Amino acid sequence: MQSNKSITYWLILISTSLLLVFSGVLYLQFHHSRLLSGTVQYNESNVSWNIFQLQSEALRFNNALYTAVLDPSSIDMNKLRLRHDIFYSRVDTVTFNPASEQLLNGTAYLTIIKSTYDFLESIDPYFGESYRKPLDREAMLAILQQLVPLQEKLNDLSLASVHQSGLHAENRAAEVQRQIAISTRLILFQLVLTLLFFYIVVRQIKQLQASREDLSKVANYDPLTSLPNRRLFLDRLEQELKKVHRTKDHLALLFLDLDNFKDINDTLGHEVGDLLLQEAARRLRKCVRESDTVSRLGGDEFTIILSDMASTENVAGISEAILKTLSDPFELDGREGFVSASIGITFYPDDADDVNSLLKNADQAMYVAKERGRNRFHYFTASMQEAAQTKMHLVNDLRSALAKKEFQLHYQPIVELTTGIVHKAEVLLRWKHPLRGIISPLEFIPAAEETGLIIDIGNWVFHEAACQAQRWRQQYQSSFQLSVNTSPLQLRADTNSFESWRSSLKSLELPGNAIAIEITESLLMDASFAKRLVAIHAMGVEVSLDDFGTGYSSMSYLKKFDIDYLKIDKSFVANLQQGSSDLAICEAVIVMAHKLGIMVIAEGIETLEQRNLLNAMGCDFGQGYLFSYPVPATAFEKLFESRPKPLTVTDQK
Ligand code: C2E
Ligand code: CA
Ligand code: CA
């Protein structure tokens, strides 16, 4: 803005100076033309004057001669010679003035001057320097006779010169006026051009500055919410840290992530999701002071810099206010939406003193807030750092776990509830860490998903499961099926999972229905999944919907997709009692699934009561510690061997 002002200022200054210079030039030109015209006029009148003098000298010479003729005794040769000489010099004066010829061009000027010289030459014997004849009356009369007509001619010349010089002066004056008018117009034109040029330059500069501002906006602000983006946020945080360092104050950094925002996006569409983000941004801004920075890092992640914190205690109040304002319903294009947020809080200089560490701390604290149930804030603590360290090591080790053959598969039977016969088993992955021992998939699967390692691991699980299914089908039970867990990432179009599965089945000559894959509800909300489901069925592989009831999907999704099994999540089974609401839910799910031709598997059956209740409701299969823990293949084989086929499990664990 400042430079904008000064450039305009300088341009105006330059244009004004140029205007002044032009006016000066105009004035000088005007003045000069007048001087020039004056000089020309002066020179022309000088010619007229000299010719007039020439004429009067001719007359004086004539008079002197005439007087001498009338009274020869009074001849004063000296006086006569003086008159002659003056006459002579006058002729020279006129002849050598270059303006004479120009001014009198077209008249008989040259002939007259020539005859004047001829005359003077003819009388040279009497008046010349070198040789002087005595001048008698006869000679004087002769001279007079020649002089009289010459005098008349000189008279004519004098009149002509006056006339010509008058005419010329008038023309000159008109010409000068015209020249001045032309120059004035030229200068005015030049002036207009200059002003136009400056107008264009000023406009260009303004446009350039505007586009530069636009560019900086694009580079520094989030186009959706108009909040500072990651880049500007990092810059501001850096500046604030320097400031707070000087003032010895505190600074709080809040990392905020909306809970379940993905569900809003998936169910109501991205446009509605965008509206929610815009409104959330507005609400966040209202919770903080003008001097605090609220930024959007991307997606549903926001950061808030609270600087000049006299006391770190105020942060709790602000965080509460944020959680409260975000929990109010969102009016989204005629519909109502609800979100909550998880906030991580860290302090400068208490927790860390550089941008990266602070950001990492706040992020870790936010994750803890999420883990503890969302819709809450959590302060950063040193133990989080340790947890983060542990995770980093875990990820590192995970990269080589497959190559080092550290993974194992455990199998948990899936029991037909009416008969107790085991037709299926769920394949559960275990990681035997060289130092930490068995690590639960709940711990390492998220890390494998974050790093993308899940694709290779998942393909390995599928292949191992297929090999195992083939062995057990050949040895024990020809229709035996293994149920393999999958991550949504494996089912994305851009992975090679399908090819890998297909080639596993093909190389083993195994029919697809030896395997069922377990998918999660969130996949059903992805419109493009229907196509991939067709591809899965084309392989003959069956599909089981895992953890049913925990996600965001509604029952209406079920009828859109061709699902073979539905697994009621163990959280519903855990509280199954006569008259409980979970019982009603389970019953509704079973009835609905059956109506849609889907078989139901209940997970997490730990007690006989649960098993009996589910059986009474018509649930097809059950799985849980009541029947067996997940066990290695050899232990599972014992189940086959100890019982006549088909494999049955008694009521005891
Ligand atoms: P899930 O698919 O829900 O698997 C069932 C989990 O419930 C297993 O935990 C199992 O040990 C546990 N469980 C079985 N019966 C009972 C019971 O009666 N009571 C209780 N409380 N729990 C029971 P696990 O083996 O720790 O696996 C945890 C999760 O890890 C699985 O949940 C699944 O989502 C994931 N997972 C396991 N293996 C794989 C895999 O190969 N690939 C992928 N993507 N995920 C896997
Ligand atoms: Ca499962
Ligand atoms: Ca499950």
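These legends accompany close-up views of a predicted model.

**View 1. Overall fold of the predicted protein.** The protein has 21 helices and 17 strands. Its radius of gyration is 57 Å, well over the 26 Å that the globule rule gives for 653 residues, so the protein is more spread out than a compact globule. Along the principal axes, the C-alpha atoms fill a box of roughly 185 × 65 × 50 Å. Buried residues account for 45% of the 653 residues. Contacts between residues at least 6 apart in sequence were also sorted by separation, and 70% of them join residues at least 24 apart. The accessible surface is about 34300 Å². Carbon and sulfur atoms contribute 56% of that surface.

**View 2. The site of the calcium ion (ligand 2).** Which residues coordinate this ion? The donors come from Glu 426 (OE), Asn 485 (OD1), Glu 518 (OE) and Asp 546 (OD). Their distances to the ion run from 2.1 to 2.3 Å. Along the chain, the donor residues follow the spacing E-x58-N-x32-E-x27-D. Asn 485 lies in strand β11 (residues 481-485) and Glu 518 in strand β12 (residues 515-519), so this pair ties together parts that are 33 residues apart in sequence. The two residues can also be read by accessibility. Asn 485 has a relative accessible area of 26% and is therefore partly exposed. Glu 518 sits at 1% and counts as buried.

**View 3. The site of the calcium ion (ligand 3).** Asp 546 (OD) and Asp 547 (OD) coordinate this ion, and Glu 603 (OE) is listed twice among the donors. The distances span 2.1 to 2.4 Å. The donor spacing along the chain is D-D-x55-E. Asp 547 and Glu 603 link distant parts of the chain, 56 residues apart. Asp 547 belongs to strand β13 (residues 542-548). Glu 603 is in the loop between β15 (599-602) and α20 (608-617). Is Glu 603 buried or exposed? With a relative accessible area of 7%, Glu 603 is buried. Asp 547, at 25% relative accessibility, counts as partly exposed.

**View 4. Asp 546 between the two calcium ions.** How far apart are the calcium ion (ligand 2) and the calcium ion (ligand 3)? They lie 3.8 Å apart. Asp 546 coordinates both ions and so bridges them. In the view, follow Asp 546 from Glu 426, Asn 485 and Glu 518 at the calcium ion (ligand 2) to Asp 547 and Glu 603 at the calcium ion (ligand 3).

**View 5. A salt bridge between helices α1 and α2.** The side chains of Glu 57 and Arg 83 meet at 3.2 Å, N to O. Glu 57 is in helix α1 (residues 2-70) and Arg 83 is in helix α2 (residues 77-96). The two residues are 26 residues apart and link distant parts of the chain. Both are buried.

**View 6. A salt bridge between strand β1 and helix α11.** The closest N and O atoms of Asp 257 and Lys 370 are 2.9 Å apart. Asp 257 lies in strand β1 (residues 250-259) and Lys 370 in helix α11 (residues 355-371), so the pair ties together parts that are 113 residues apart in sequence. Both Asp 257 and Lys 370 are buried.

**View 7. The Asp 292 and Arg 289 pair, and a salt-bridge network.** Asp 292 forms a salt bridge with Arg 289, with 3.0 Å between the closest N and O atoms. Asp 292 is buried, at a relative accessible area of 3%. Arg 289 is partly exposed, at 38%. Elsewhere, salt bridges that share partners join Glu 426, Glu 518, Lys 567 and Glu 603 into one network. Of these residues, Glu 426 and Glu 518 also coordinate the calcium ion (ligand 2), and Glu 603 coordinates the calcium ion (ligand 3). The whole structure holds 17 salt bridges.

**View 8. Asp 222 in the loop between α6 and α7.** Helix α6 covers residues 137-220 and helix α7 covers 230-247. Asp 222 is buried, with a relative accessible area of 10%. What does Asp 222 touch, leaving out residues up to four places away in sequence? Its contacts are Leu 227, Pro 228, Asn 229 and Arg 296.

How values were computed
Residues are numbered from 1 along each chain as its sequence is written. Chains are lettered from A and ligands numbered from 1 in the order in which they are written. This is a predicted model: local features need pLDDT of at least 70, side-chain atom pairs count only at pLDDT 80 or more; totals for chains, interfaces and linings use all residues. Side-chain values use heavy atoms; hydrogens and water are left out. Donors are N, O and S atoms within 2.8 Å of the metal (3.2 Å for Na, K and Ca); water is not among the atoms, so sites may look incomplete. Helices (H or I, at least four residues) and strands (E, at least two) are DSSP runs, numbered from the N terminus. Buried means under 20% relative accessible area, exposed over 50%, partly exposed in between (1.4 Å probe, protein chains only). A salt bridge is a side-chain nitrogen of Lys or Arg within 4 Å of a carboxyl oxygen of Asp or Glu. The radius of gyration is taken over C-alpha atoms; the globule rule is 2.2 Å times the number of residues to the power 0.38. Contact means heavy atoms within 4.5 Å. Accessible areas come from the Shrake-Rupley method with a 1.4 Å probe; for residues, only the protein chains shown count as cover.
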